[in-house]
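These are my notebook entries on the structure shown below. I took up the cysteines before the chains and the helix packing.

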Amino acid sequence: MHITRMRNGQRQTLELATFTVGKEQCGIDILQIQEINKIIQRTPIPQAPDYVVGVFNLRGRIVTIVDLCKKLGLGKTEMGERTRNIVVNSFDGSAGLLVSSIGDMVVVEANSMEQAPANLCSIEHIYFTGVFKTETQIIGLLDIDKVMSLDDCAMTQSTTEQGSTSHGKN
Amino acid sequence: MHQPENETAKPITHPELNPDKGSNEAMPALTYRVDDNDGSTGLEAIRVQVSLLDSLMTLAGELVLSRNQLLQTITVNDLKCAESVGQRIDLITSELQEAIMHARMQPIGTIFDTLPGVVNDIADVTGKRIELSIFGRDVELDKTIIDAISAPLLHLVRRAAEYGIDSPDQRSVQDKPRQGTILLGALHEAGQVVIEIKDDGVAPDSERIAIEAVRSEIVSLEQCQGLSDKEKLNLAFSPGLCCADSVPRVDGFGDVKAAIDKLGGQIEIDEFAVGGTVVSVRLPLTLAIIPCQVIMSEDERYAIPQANLEELLRIPAIQVKERIELVGSAEVVRLRGKLLPLVRLADVLEIQRTYIDPDDDEIRVDRRLRIADRRSRKADSEDIPVILDQEDLVSRREAPDRRQSANSALNIVVVSAGNCTYGLIVDSLQDSEEIVIKPLDRHLQQCRGYAGATIMGNGRIALILDVANLAAMAQLTLMGDHLNVQAGDSEATENVEENHSMLIFRCAEHEQFGIRLDQVERIEKIKRGDIENLGGKRVMQYRGGSLNLIGIDEVASVQPLAEHDDLLIMVFSYQEHSVGLLACGPIDTREIGNRIDDTSLRQPGIAGSVIIDGQTTMVVDIDEMVGRLYPEWSTSSGRR
């Protein structure tokens with residue numbers, strides 16, 4: 001997310017694709033999303049980390065599907081009519097994010113972003129770049145690179161945190 | 001707007017943040033497992049001829065045209081036309097694939113040419129005189145293989161120069177020219193590339209290697225005694241063998257072999273005729289596309305690289321109880337007198353096993369611990385494991401088996417990785433296919449059982465199994481070698497009374513011969529050119545020695561061997577000698593009773609005749625034949 005802002009310093013508005021994770025409303029900058037689809041066919045991977053639902057074939061590429069809910073520590077996403085797969089581009093290739101449902105596309109002012117509160121919607125604040133308030137809702141902007149960083153061991157977290165602060169403030 | 005348009009959804013990524021994205025995209029197929037630390041190759045370039053680019057462009061144009069045609073045929077629903085368009089696309093795709101593969105090929109000279117400098121440096125420092133002669137610079141290999149092979153090759157050449165070749169003074173003592181030669185070459189052979197490093201120096205001491213191997217518990221002392229010199233030399237490639245002090249010539253060869261195994265290649269060391277060493281490395285031309293055996297386990301497809309595949313084995317339901325045995329707590333199967341450890345793929349991957357109940361066609365969870373155990377309806381319904389005491393178990397195993405359903409047959413894929421051979425039990429065996437390897441995401445790097453994934457013809461994904469890691473996960477390492485129990489003797493003697501298995505073969509078009517199958521040690525396919533005529537005898541090189549060859553017509557008055565180029569030899573052992581009987585195909589086996597007619601066609605070397613499938617078949621008496629041709633062998637104190 002911070003990358004987008006750096007490149008487009010003058011950009012006034014952000015377009016966020018919103019979706020629900022468990023019961024919480026979150027958003028991703030639309031420019032980080034490659035596509036949104038239903039999972040038609042997925043191949044489970046035995047012995048994979050529990051947040052990996054499987055892999056699927058995206059026009060000849062093998063893309064891993066991550067259960068966003070599980071990855072953020074909110075429990076498993078139940079597969080249903082409304083579950084969708086958001087294919088995002090994180091720093092090392094694409095990944096699919098399994099979300100409970102897709103919401104609207106929301107346009108927000110870039111400079112209205114606020115620091116994420118320590119415990120926004122029961123998801124740890126380190127996963128958020130910030131929050132946006134609209135008239136009706138609060139949308140947490142997910143930091144995809146952080147969400148997709150390899151598991152929760154303290155070391156990776158601290159390194160990515162350092163990296164992101166140096167990037168973000170410049 | 002719910003879904004972003006594809007065009008606007010172009011990601012903006014920071015170029016510095018993904019330096020290796022390009023390389024990951026461009027050659028996903030080429031690494032079995034992409035290590036993070038060697039992904040720093042983002043800026044690599046490759047030289048390609050313009051003509052090749054032109055042909056790629058033409059093919060791409062053709063492909064676009066065909067696609068348009070295909071779309072059109074789909075719109076008008078013209079099946080006939082679709083067929084021809086399909087064929088065209090098939091053709092173009094293969095051509096395109098070939099052209100792209102060709103673009104990735106590079107001459108091996110690029111690494112060969114760095115080596116003379118290394119050898120000269122060693123020669124200068126040690127005061128030796130070494131000439132490195134190189135041939136086969138033009139042999140082309142996939143770029144990934146070229147990159148991966150350069151370090152192992154450097155190591156092999158270095159070792160040859162440092163420890164293989166002696167100083168000029170020592171060499172002249174041994175009647176060798178003062179200048180040592182290292183011959184480095186590459187050639188194509190049977191769809192593979194062979195790289196040979198020959199030196200005319202001193203061969204490594206195979207005994208010392210064997211001693212080190214025993215000390216490192218890679219082989220047991222008894223096993224070691226049965227090994228030939230060449231096999232002892234090849235122990236140098238065992239992983240974990242450290243002989244930096246005792247045999248520096250082969251130090252680090254274990255790592256070299258690991259690197260070459262990773263590429264799906266083989267490596268071998270042998271003593272050279274004039275007193276020297278030859279190390280030969282066999283490599284596949286490319287890693288991008290590999291032939292694989294596809295198997296299924298619990299409704300998911302998996303691929304096993306053919307390089308790891310030894311054979312496929314199906315044990316009919318009715319034999320499962322007899323052929324699957326327990327050694328300690330390990331399950332093994334008897335395969336030609338050897339015990340092969342068995343591993344259930346579902347268990348290693350921790351997948352819940354299921355089975356289809358033959359009575360009501362429902363899918364139930366399979367709870368049996370051992371293959372030969374039987375299911376108990378009681379345990380299924382009460383949902384608790386039934387603990388049986390030993391007596392109970394024995395009585396259940398001895399009771400007549402009700403295992404009859406064909407679904408209970410065991411499908412076993414016999415695989416080998418390094419020096420570990422084992423049987424992988426899978427649910428079903430599918431086709432063998434050429435597949436394109438794609439790496440798995442880093443989230444899945446912790447799953448060691450997979451070498452990657454591939455997309456099958458139907459668009460589904462199959463995981464490629466890493467056979468070596470699966471063995472490690474099942475804690476099988478080296479178990480295969482310890483299980484060489486002498487089994488099978490009882491089977492062989494039982495059969496003598498009842499039925500013989502007869503191996504049927506031919507030497508000339510119209511004469512059929514048979515021989516007792518249990519006398520044959522091995523059958524090998526050879527070319528006529530492999531036979532050498534020396535000292536009035538026919539011999540061929542075989543497993544590092546020479547094998548005497550005999551023909552039936554040398555003893556019995558039968559038609560001479562047909563003039564085929566492809567021949568078979570059946571290897572027999574006679575006293576402590578081995579002998580190869582020349583024959584040609586087709587070969588087959590039949591069960592016959594004790595009804596050999598030992599009068600009508602009896603002659604030297606022929607025990608009699610039997611009628612098989614309406615054809616009179618002469619039964620060969622191999623002992624008599626060898627006894628007549630090599631009378632000196634029959635005394636137990638033979639020649640050697």
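**Entry 1. Cysteines**

I began with Cys69(A), whose sulfur lies 9.4 Å from the closest cysteine sulfur, that of Cys26(A), which is too far for a bond. For the reasoning I needed the cut-off: a disulfide requires the two sulfur atoms to be within 2.5 Å. I note here that the model is a predicted one. I then looked up the total over all chains and found 0 disulfides.

I also checked the burial of Cys69(A): its relative accessible area is 3%, so it is buried. In chain B, I looked up Cys292(B), which counts as buried because its relative accessibility is 0%.

**Entry 2. Chain A as a whole**

How many helices and strands does chain A have? I recorded 4 helices and 10 strands. Read from the N terminus, the order of the elements in chain A is α-β-β-β-β-β-α-β-β-β-β-β-α-α. Chain A has 170 residues, and 53% of them are buried. I also considered the contacts of chain A with a separation of 6 or more; 54% of these join residues 24 or more positions apart.

**Entry 3. Ile144(A)**

Next I turned to a single residue of chain A. Ile144(A) belongs to helix 3 of chain A, which covers residues 144–147. Is Ile144(A) buried or exposed? I entered Ile144(A) as buried, since its relative accessible area is 1%.

I then listed what Ile144(A) touches, leaving out residues up to four places away in sequence: Ile28(A), Gln32(A), Val88(A), Ser90(A) and Leu97(A). I also looked up Tyr127(A), which is 17 residues from Ile144(A) in sequence; their C-alpha atoms are 7.8 Å apart in space.

**Entry 4. Chain B as a whole**

For chain B, I recorded 19 helices and 30 strands. Of the 640 residues in chain B, 43% are buried. Among the contacts of chain B with a separation of 6 or more, 63% are between residues 24 or more positions apart.

**Entry 5. Helix 6 with helix 11, chain B**

I described each helix pair in the usual terms: the angle between the axes and the distance between the axes. Helix 6 (residues 143–164) and helix 11 (residues 253–262) of chain B pack with their axes 9 Å apart, at an angle of about 150 degrees. Helix 6 and helix 11 of chain B are therefore roughly antiparallel. I noted the handedness of this crossing in chain B as left-handed.

Which residues of helix 6 and helix 11 of chain B meet? From helix 6, I listed Ile149(B), Pro152(B), His155(B), Leu156(B) and Arg159(B); from helix 11, Phe253(B), Val256(B), Ala259(B) and Ile260(B). By class, the residues of this contact are 7 nonpolar, 1 polar and 1 charged.

**Entry 6. Helix 5 with helix 6, chain B**

Last, I examined helix 5 (residues 115–126) of chain B, whose axis comes within 10 Å of that of helix 6 and crosses at roughly 30 degrees. This angle makes helix 5 and helix 6 of chain B roughly parallel. I entered the crossing of helix 5 and helix 6 of chain B as right-handed.

On the helix 5 side, I found Leu115(B), Val118(B), Val119(B) and Ile122(B), which meet Leu154(B), Val157(B), Arg158(B), Ala161(B) and Glu162(B) of helix 6. I classed the residues of this contact as 7 nonpolar and 2 charged, with no polar ones.

Key
Residues are numbered from 1 along each chain as its sequence is written. Chains are lettered from A and ligands numbered from 1 in the order in which they are written. This is a predicted model: local features need pLDDT of at least 70, side-chain atom pairs count only at pLDDT 80 or more; totals for chains, interfaces and linings use all residues. Side-chain values use heavy atoms; hydrogens and water are left out. Axes are lines fitted to C-alpha atoms, for helices over the stretch in contact, and angles run from 0 to 180 degrees between N-to-C directions. Helices (H or I, at least four residues) and strands (E, at least two) are DSSP runs, numbered from the N terminus. Angles under 35 degrees count as roughly parallel, over 145 as roughly antiparallel, 65 to 115 as roughly perpendicular and the rest as oblique. A crossing is left-handed if the near helix is turned anticlockwise from the far one by less than a right angle, and right-handed if clockwise. Contact means heavy atoms within 4.5 Å. Ala, Val, Leu, Ile, Met, Phe, Trp, Tyr, Cys and Pro count as nonpolar, Asp, Glu, Lys and Arg as charged, and the others, Gly among them, as polar. Buried means under 20% relative accessible area, exposed over 50%, partly exposed in between (1.4 Å probe, protein chains only).
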